[in-house]
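Me: Let's go through the aromatic rings in this one together. Can you keep it simple for a first-year?

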Amino acid sequence: MTLPASTPAPAPAPASAPAPASARASVPAGLRVDRVCGLPVTAVDLGLTGTGALLDEVAGHEAFLAATADEVSDALYRLVPLLDHDPGLRRTVLKVRRATRSDKPLRVEEAALERIAAALPGGGADLFRRWAAAALARDRLLDRLPAVYGRETHEAGRRLRDLLSAPALSTGIAHASADLLRHVDVEAFHPGSKTSRSVLSYAVRAARKTSPFSTFTGVGLYGRPSGGRSNTALSQTHVFAWLHALVRDERLVTAFELEPIDAVRTIDGEPKALVSAYRIGDAFAWRTDEMTDIAVYRKVVQSLAGIGRAGAAEYMIRLGGADPFAALQRLLDAGMLRVVAPWRRGDPAPLLAVADTVQRVGTEYAAATARMLRRLHADASGLADHDGPRRVETLEAMAERAREEMGRLGVAADRTGFAVYDDAEAVVEVPPLGDAVEADLRELAGRMRPTIFRSHMYDMLVEIFVERYGAGGRCPDALRFCMEVSDTPDLTRRLYAAVRADAQTRGRATERAWLPVGPSSAPPTAAVAYQVVAESEEALRRGEHRLVVNQFNAGSGGLVARFRTVLGGPDGLAGRLRAWTGENFPEAQPRELVISADVNGLQYACCGTIPALTWPSELPLADGGDALAVSELSVVHDAATDTLTLLDPHGAPVAPVYMGVVPQHMVLGPARYLMVIGDPWVLGSRLSCARAPSERVSEPAGEVETAARQGFGRVVTKRATWRVRPADFPRPERGEDAAGYFLRADRWRRRLGVPDEVFLSLETPGISLEHGKRKPVLLDFRSPHSLHAAASLAVDGVVAMSLAESLPGPDGYWLRGPDGGRHAVEHVSYLRWDRPRPEAGRG
C-alpha cells in the first residue's frame, strides 16, 4: 500500500519568546483506550463491482471524447458547407456535431459514421474514426448498464439484509432501535427505502465508525485482555424517574428521607438559591441550575433548615395542616426540599437500593413495588447474556412494564427515561503500537503546546475575585464565590469578551500558553483520538504507517471514565485513571466533579473513580462516603502569581476534576466557574481533522471548494476535503431511472475530483444536536444504498456538505479480529505537559 505524502501543516505563528521547558510532554502508554468496531470493515462493502468497472470504462471513453470534442467539432463544422449535394449526410453531421457537446448516447449507425469519416479531408478522418469508436463503445456500455446495475443492486440488498444475523449488529440495534428488528420488512432492502437506510446506518456504525455503543464498537485498555464481554445496566435517568415518582406516591413517601435545599446564600443583600431544573426526554436528560430569588420562601427555608435531613413522615408532622402530603409535594416541586437518594456514589445497582428502601414501608403494596423494581434490575443485568432478538423481546417487555407501572403514578410515557445501556469490551485485544507511533505523538505534542493557553475566563474569575476580596484575599465558601460570579451585574459582557478573546487566540502560538496556574488547577493535558493507517501489523511495527489525528478532548479522563466498569479488574481503567489524576496534581488532592450524574446515565457511569467533590444541587446521597462538599472549600488568591487555589477545611489544596463525558461547555452557571479553576486550559491547536468550535462556516465559493491533506512526517492533521453547496449534491429526479441516477452521480463526483468513498458531514453555522447533522456519514459512490442514504439527508439550515477522504481507506485497516477480518480501531492516548511555573508567566 502506498502512503501518499501530506501537505505540510501550517506551523503556529511563533510567540515573542521561545517556549520554556514546560513544553515537554509525557505520553503514558498505560492510559491508551482502544475503540474497536464489532464488524469487519468489509461487512459494509456494498459497492457494485461489475457496475463500477463498467462505469470506469465509460469514464475512460468520455475522457477521450471530452479531450477531442473541440477538434472533432471544428472538423465537422468545416465539413457542413461541403455537403450541400447530400442533405441527409449533412443532417447526420450536424447531429453528430451536437453530440460532441453532450454525454447522451450518440444513436447513429456505424455505417453513417464511416461515411462522415470518408468525407473528411486530410487527417481529420483518423481522429473522427477514433472519436466515433469511443462514442459507440461508450453507448454499448451504457446499454448494458441497467441490467448489470439491477442485478448487482438486488444482490447488495440481500447482503445488507443478511447482516442482521450478525450478533455484533443485531445486539447493538436491539439497544438503538428495537422496533427495527421487531418489524423489519425483509422485502424492503432496495436503495432509498427506510429499512435499508436504517440498517445501513447501523451497519456502518458497527464496521467503520468507532463511536462506542453496545456491540457496534467495543472498548479495550492497553495491556488488558479483551474478549467482547458486555455490561448492561438500567439508565440512571430511569432510576431517577422512579425515585421521583415513588416519593410522590402517598403510600410510599414515608420510605424516603428528605433534606432542605442547601445552596442558599445571601448575595449582595438578596437571598438567592440554586434551584434545579430537570429536562428528561428526547433520549437526553440533563439538569441545569437556576439562580433564583427566594425572598418569598425565606421563612420556609429557615424553618426547613432547622429540621435538616429527616424522614418524610417527620416533615409532614412538622408541616401539619389539612393536607401535609400536598404541602410536602409543593415544597418538592419548588425545589425547596429534595429527596435523599438511597444509593451510594457510583453504585452499580441504584434501583436495588430504591427497592430496599421502599420495602421498609412494610405493606404488601410496598413489597410488590420492590419486587417489580428488582425484576427490572435483574432483567437489565441479564441482557448481557442475550443475543439481539432475545434482547429485543426482553427490552420491549421491560419498557411496557415500566410505562404501565409509572403511568399509574402519573408519569407520562415520554418522561420515564427508560433505556438499558450496554458497554462492551473490544472483540480483540489491540497490540502495542510501537515506538514510531509514540514518536509521532510526541512530535504532535510539541507542535500543539504553544497553542494550548490559559483561558480568558480564568482571568475573568481572578478579576471578579480580587474586586470582591482584594489581592491575596480569601473567600471562606467556594459555593458562595461561584454564585457571586453568576450574580455579577456585567457578567454577560465579561463572559462574551472572554469567549471572544479565546476564539481569537485559537490556532496560534501565544504567550498565554506559559501563564502559571495554582495547585488546584491541572497542568495542560489532552486526550488525542487518532487512527493508524497501515497495510498490516507487520508494516506498523516497521513504522510504515500514517497517524491520522481525529480530534482533541479535555485530558481530565472524563472521556473514558464511563468505561471503568466494563474495563474493570485489578489492572483496570479506574486504577489507571486514579494514577493519572494523582500525577496531574502533585500538590493537591484531586476530587471528581460530575455534573448531572443524578439524572444522566452517561454522567452517572463516570462516578466513583476518585473521591468526590459534591455540587449542592445534585441529589444528596444516603451514604456520601468520603465526599467533600464544594461549600466546605475556601478560595484564596495568590497575589504573586495572580492565581486562585481551593483549600479544604484543613488548609490543604483541593483540585476539582471534571470526570464527566458530556463536554464541559454544556455545563452552565456557577458549576462552570469551579470547573474553569480546575482546568483553565483551552486546547487551541488546530492540528486535528475536527473543525474548531470557533471556525466560521461559510458557503463554498464556486461549485466545489477543495482542501489538500495536511500534516507533517507520518502525521495527518487534516484529511483532504471537497465542500459543495447542498443544492448541488446529486439527488434522484422525478421520472429518472435508478441506473441513470447512479450514472449521473458518478459523473458528478468524477468531474469534481471526489474519490469514490468519502465521509460526508453537514456543516451548520452553530452546534446542531440533530444526530444526522452531527455525525459524518460514510458515502460510497459505488453503492446505490449508500448514495440514496446520503441523498435523503435533511439539509435545512446546512451551509455546506463536506466530503472528506476516507482515511483509513479500505486497505488501511491493519487490526485483525477473531474472525480474521480487518477491523476499524481508533485509539485515545493522553498527553500531559509540564505545569508552567510562576517565573514562566509573562503577563
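Me: How many aromatic pairs does the structure hold?
Reply: Keep in mind that this is a predicted model. We describe a pair of aromatic rings by the distance of the centres and the angle of the planes. Going through the structure, the number of aromatic pairs comes to 11.

Me: Take Phe-465 and Phe-481: is that pair stacked or edge-to-face?
Reply: Their ring centres are 5.3 Å apart, and the planes make an angle of 75 degrees. Planes over 60 degrees apart count as edge-to-face. So 75 degrees makes this pair edge-to-face.

Me: How many residues apart are these two in the chain?
Reply: Phe-465 is in helix H16 (residues 456-469), while Phe-481 is in helix H17 (residues 478-486). The pair links distant parts of the chain, and the separation is 16 residues.

Me: Is Phe-465 buried or exposed?
Reply: Buried means under 20% relative accessible area. Phe-465 has 0% relative accessibility, so the ring's residue counts as buried.

Me: And Phe-729 with Trp-748, which parts does that pair tie together?
Reply: The ring centres are 5.5 Å apart with the planes at 70 degrees, so this pair is edge-to-face. Trp-748 lies in helix H24 (738-752), and Phe-729 lies in the loop between strand S29 (721-724) and helix H24. So the pair ties together parts that are 19 residues apart in sequence: that loop and helix H24.

Me: Which ring does the charged end of Arg-205 sit over?
Reply: Tyr-202, Phe-213 and Phe-216 form one aromatic cluster. The charged end of Arg-205 is 5.0 Å from the centre of a ring there, and that ring belongs to Phe-213.

How values were computed. Residues are numbered from 1 along each chain as its sequence is written. This is a predicted model: local features need pLDDT of at least 70, side-chain atom pairs count only at pLDDT 80 or more; totals for chains, interfaces and linings use all residues. Side-chain values use heavy atoms; hydrogens and water are left out. Rings of Phe, Tyr and Trp (its six-membered ring) pair if their centres lie within 6.5 Å; planes under 30 degrees apart count as stacked, over 60 as edge-to-face and the rest as tilted. Helices (H or I, at least four residues) and strands (E, at least two) are DSSP runs, numbered from the N terminus. Buried means under 20% relative accessible area, exposed over 50%, partly exposed in between (1.4 Å probe, protein chains only). A charge sits over a ring if NZ of Lys or CZ of Arg is within 6 Å of the ring centre and within 35 degrees of the ring normal.
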